[in-house]
Amino acid sequence: MRANLLLPSPRSRWGLGGAIGLSLVGWFAATTGNTQPTGPASFCEVYPDAPACASGEVACTACHTTPPSLNLYGADVAAALLPDQERPLSSELYTAHLGEALLAVESLDSDEDGVTNLDEILGGSSPSDAQSTPAPSSCVDEEDDGWSLCGYDPQYAYKKVMLDFCGRSPTIGERQAFAEAKNPTSALHNALDECLDSEHWRGKHGRVWNLANRKIGPLQAIKSGKDVGPIPLADYDDDYAYFVWTQTDGRDVRLVLTGQTFVSARVDGGVTVYEEWDRTPDEDFELRGYDRYQAVVKERRAGMLTHRWFLMSNTMFTSVPRTTAAQAYRAYLGYDIALLEGLNDVPGEPADYDSKGVGEAACAACHATLDPLTYPFSRYEGIGGGVGDSYSYSANRLNGFTDVDGELVAETPEAGVLFGEPVEDLIEWAAVAANSEAFRRATVLDYWKLLLGEAPRATEQAEFSRLVRDLGGDHGYSVELMLHDLIDMEAYGAP
Ligand SMILES: [Ca+2]
Ligand SMILES: [Ca+2]
């Protein structure tokens with residue numbers, strides 16, 4: 001029965017199968033074109049400051065049109081890669097020699113637009129598209145209307161802080177006061193502190209709240225609680241409230257993945273109040289009823305990864321919930337496996353406990369990463385189907401799937417592997433994730449894009465990398481401290 005209860009097209013929104021299948025056919029058929037899963041990471045080891053590497057790994061489109069077809073640059077790289085060696089190359093040879101091939105084609109102009117491949121890579125344009133060339137520096141060092149066009153401008157930064165964080169332009173009086181401030185830096189940071197408390201920034205449906213849209217994937221039709229939909233299954237207001245709470249008031253942003261309490265949001269006199277709460281599943285059931293209660297016991301909670309909405313909308317009816325793990329990897333760590341990002345093969349995987357055929361060559365590359373990434377999620381119930389209550393933790397959950405997925409599914413381990421590191425369960429998975437550079441990078445990138453409208457440019461890589469590093473150091477994982485640093489950066493305050 002479980003496969004028949006369909007929700008409003010969630011498959012098409014969240015389903016990975018199609019995308020992975022398509023990409024992987026390309027990936028593997030492409031061995032003649034010398035493509036391997038290690039390519040994107042190797043590229044970024046050679047060009048760590050390339051804008052295309054802002055997320056840690058370059059997209060496969062750096063070398064491909066649609067895999068397996070190589071683009072102009074990819075074709076030059078392939079030709080320069082051990083040209084005397086028989087094809088297809090082994091992955092060892094490929095990995096060992098890709099760097100040399102990249103260097104060998106740096107001085108070429110693959111797309112004949114007059115700019116060398118190296119200048120294009122570092123300048124953030126495509127070495128394979130003649131229409132794409134590095135943007136000329138917009139900085140002309142002269143004064144114009146009192147604005148410094150090059151370098152950081154406190155007046156400009158102040159106006160931007162007011163707009164970005166308070167949602168309004170400063171009044172004439174405020175601008176005057178800022179211009180006359182003895183210490184513009186501290187005036188700027190005072191303004192930021194005030195605006196960080198504004199409804200525009202941290203209120204219900206404010207900017208931080210909306211930053212969670214892609215992570216949560218709200219669907220009003222199946223929402224429970226306030227603004228209930230026709231088929232109430234879970235209340236994503238829990239997820240939004242929890243997210244905003246982790247991002248504000250100096251809290252440790254790692255709680256997104258590691259916290260074991262919940263948060264509610266209520267609007268009191270026009271101000272959104274976030275309140276942490278901690279109830280057992282039974283207590284929450286008593287208080288909020290079947291369609292809203294959070295069913296995972298405290299010691300098995302891993303922040304937003306075990307919230308009811310997340311399990312409902314991702315795990316749904318599956319035994320080995322790959323979509324859930326893929327969404328966690330993409331939403332919180334910045335790696336989209338469907339785009340062949342963040343691949344770390346685990347030897348012996350995929351074992352294919354649920355008999356989905358993922359061991360076949362066309363699937364194996366992604367699933368050697370994705371499946372061990374997924375096992376720790378397999379003990380959390382989705383929509384019915386297992387052995388316990390929906391959205392709860394059940395150690396022997398997979399026993400409830402042997403009739404559908406075969407006897408072997410019950411052998412699926414709970415232990416898995418994330419970033420090459422073995423983890424016993426989802427609690428350890430979440431800890432490894434929360435302490436990773438990938439998580440810091442994804443967190444900073446969210447705010448960078450929110451405030452600057454795009455990923456870091458070539459010239460901004462150093463500032464971006466500093467924020468990623470300091471979030472785990474000087475900022476003590478506080479988003480607000482990170483933002484205080486961000487508004488001091490040239491990327492933010494140079495008009
Ligand atoms: Ca070129
Ligand atoms: Ca170009």
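## Strand hairpin

Ser264 stands opposite Glu275 in strand S4. This is a predicted model. The partner strand is S3, residues 262–268, and S4 covers residues 271–277. S3 and S4 run antiparallel and are joined by seven bridges.

The two strands form a hairpin. Two residues separate them. Gly269 sits in the turn, with a positive phi of about 60 degrees.

## Calcium ion, ligand 1

Ligand 1 is a calcium ion with protein donors from Asp109, Asp111, Asp113, Val115 and Glu120. The aspartates give OD atoms, Glu120 gives OE and Val115 gives O. These donors lie 2.0 to 2.4 Å from the ion. Along the chain, the spacing reads D-x1-D-x1-D-x1-V-x4-E.

## Calcium ion, ligand 2

Ligand 2 is also a calcium ion. Asp111 and Asp113 each bind through OD. Glu120 is listed with two OE donors. Ser126, Asp129 and Ser132 contribute O atoms. Distances run from 2.2 to 2.5 Å. The donors follow the spacing D-x1-D-x6-E-x5-S-x2-D-x2-S.

Asp111 lies in the loop between helix H5 (91–104) and helix H6 (117–123), whereas Ser126 lies in the loop between H6 and strand S1 (143–144). The pair therefore ties together parts that are 15 residues apart in sequence.

## The calcium pair

How far apart are the calcium ions, ligand 1 and ligand 2? They are 3.9 Å apart. Asp111 coordinates both.

Are these donors buried or exposed? Asp111 and Asp113 are both buried. Asp111 has 6% relative accessibility, and it counts as buried because the cut-off is under 20%. Ser126 has 25% relative accessibility, so it counts as partly exposed.

## Helix packing

Helix H16 (residues 308–315) packs against helix H17 (residues 322–333). Their axes are 8 Å apart, at an angle of about 120 degrees. H16 and H17 are therefore oblique to each other. The crossing of H16 past H17 is right-handed.

Which residues make the contact between H16 and H17? On the H16 side they are Phe310, Asn314 and Thr315. On the H17 side they are Thr323, Thr324, Gln327, Ala328 and Tyr332.

Terms used
Residues numbered from 1 in each chain as written. Chains lettered and ligands numbered in written order. Predicted model: local features only at pLDDT ≥ 70, side-chain atom pairs only at ≥ 80, totals over all residues. Heavy atoms only, no water. Donors = N, O, S within 2.8 Å, 3.2 Å for Na, K, Ca; no water. Helix = DSSP H or I, 4+ residues; strand = E, 2+ residues; numbered from the N terminus. Buried < 20%, exposed > 50% of the residue type's maximum accessible area, 1.4 Å probe, protein only. Pairing = 2+ DSSP bridges. Axes fitted to C-alpha atoms, helices over the stretch in contact; angles between N-to-C directions. Parallel < 35°, antiparallel > 145°, perpendicular 65-115°, else oblique. Left-handed = near helix turned anticlockwise from the far one by under 90°. Contact = heavy atoms within 4.5 Å.
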